[in-house]
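Reader: I have a structure in front of me and would like to go through it by question and answer. Where should we begin?

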Amino acid sequence: MAQSSEKAKMLAGELYCSTDPELVEERRRAQHLLELYNATNADDTAIRAGLLRQLFGAAGDGVEIQPRFACDYGYNIRIGRNAFINYNCVFLDCAPIEIGDDLQMGPAVQLYTVFHPLDRRARLSGLESARPIRIGQAVWICGGAIVLPGVTIGDGSVVGAGNPARIVRTVA
């Protein structure tokens, strides 16, 4: 029986090694496209749209992303129509990030699909996993918000930032 590639494990939500050469090369490809994108000026709308089409799994009409934007792979990101993503947003797309139409996203929003094991030994081994993030239609995510792995945000939701964290459970 053939072993799954690290990319296949990543996409299946299993533990995988992010330092696998194939994944490293795919992140380098994304970083190259991001360097080009983030170096464009505000009037380069056609160039920006073309770079997003190369980077993302899908991008609808009217997607506007302010530089600096960062992501891991790009191909796991699917954005609907009429999305506005403000400055300095980070999408760690080790699993799918699906965003519906008419998104408003404030500056410095972070979407994290990657999840590190809670068990110390497993975490120190360098393995990680990822869970998808799904964002519905007509959502507003306020500046500075952080969306964690596996979260689904329903249609019409408003997500604020600044809510204090609380202890849910203690991990040894």
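Reader: Which residues do ring pairs link into a cluster?

Author: Keep in mind that this is a predicted model. A search of the whole structure finds three aromatic pairs. Some of these rings are joined in a cluster, and its members are Phe-56, Phe-69 and Phe-91.

Reader: Is the pair of Phe-69 and Phe-91 stacked, tilted or edge-to-face?

Author: A pair of aromatic rings is described by the distance of the centres and the angle of the planes. For Phe-69 and Phe-91 the centres are 5.0 Å apart and the planes stand at 80°. Planes over 60 degrees apart count as edge-to-face, so the pair of Phe-69 and Phe-91 is edge-to-face.

Reader: How many residues apart in sequence are the parts that this pair ties together?

Author: Phe-69 belongs to strand β4, residues 69-71, and Phe-91 to strand β7, residues 89-92. Phe-69 is buried at 3% relative accessibility, and Phe-91 is buried at 0%. The pair therefore ties together parts whose separation in sequence is 22 residues.

Reader: What kind of pair do Tyr-73 and Tyr-75 form?

Author: Tyr-73 is buried, with a relative accessible area of 1%, while Tyr-75 is partly exposed at 25%. Their ring centres lie 5.5 Å apart, and because the planes are at 40°, the pair is tilted.

Reader: Which residue lies over the face of Tyr-75?

Author: The distance from this residue to the ring centre of Tyr-75 is 4.7 Å. Elsewhere, the charged end of Arg-48 sits over the ring of Tyr-37, 5.6 Å from its centre. Over Tyr-75 the residue is Lys-7.

Reader: Which residues touch the most other members of the largest nonpolar core?

Author: In soluble globular proteins, nonpolar side chains tend to be buried together. The largest nonpolar core here has 31 residues. Leaving aside residues up to four places away in sequence, the contacts of Phe-91 include Ile-77, Ile-85, Ile-97 and Met-105. The residues that touch the most other core members are Phe-91 and Leu-111.

Reader: Which element gives the most to this core?

Author: The elements that give two or more residues to the largest core include the helices α2 (21-38) and α3 (45-55) and the strands β4, β7 and β13 (133-135). The top contribution is four residues, and the element that gives them is α2.

Reader: How many residues does the second core have?

Author: This core is separate, and among its members are Met-10, Leu-23, Cys-94 and Ala-95. Cys-94 is buried, with a relative accessible area of 3%. The size of the second core is eight residues.

Reader: Why is Cys-94 not bonded to Cys-71, and how many disulfides are counted?

Author: A disulfide is a covalent bond between the sulfur atoms of two cysteines. The closest cysteine sulfur to that of Cys-94 is in Cys-71, and at 10 Å it is too far for a bond. Cys-142 is in no disulfide either, as the nearest cysteine sulfur, that of Cys-89, is 12 Å away. The count of disulfides is zero.

Reader: Which residues does a cis peptide bond join?

Author: Omega of this bond is about -10°. One of the two residues it joins lies in the loop between β3 (64-65) and β4. The residues are Pro-67 and Arg-68.

Reader: What is phi of Asp-102?

Author: Asp-102 is in the loop between β8 and β9 (104-105) and counts as partly exposed at 36% relative accessibility. Asn-88, in the loop between β6 (84-85) and β7, has a positive phi of about 60° although it is not a glycine. Asp-102 also has a positive phi, near 65°.

Terms used
Residues numbered from 1 in each chain as written. Predicted model: local features only at pLDDT ≥ 70, side-chain atom pairs only at ≥ 80, totals over all residues. Heavy atoms only, no water. Disulfide = S-S within 2.5 Å. Buried < 20%, exposed > 50% of the residue type's maximum accessible area, 1.4 Å probe, protein only. Phe/Tyr/Trp six-rings, centres within 6.5 Å; stacked < 30°, edge-to-face > 60°. Lys NZ or Arg CZ within 6 Å of the ring centre and 35° of its normal. Core = buried A, V, L, I, M, F, W, Y, C linked by side-chain atoms within 4.5 Å. Contact = heavy atoms within 4.5 Å.
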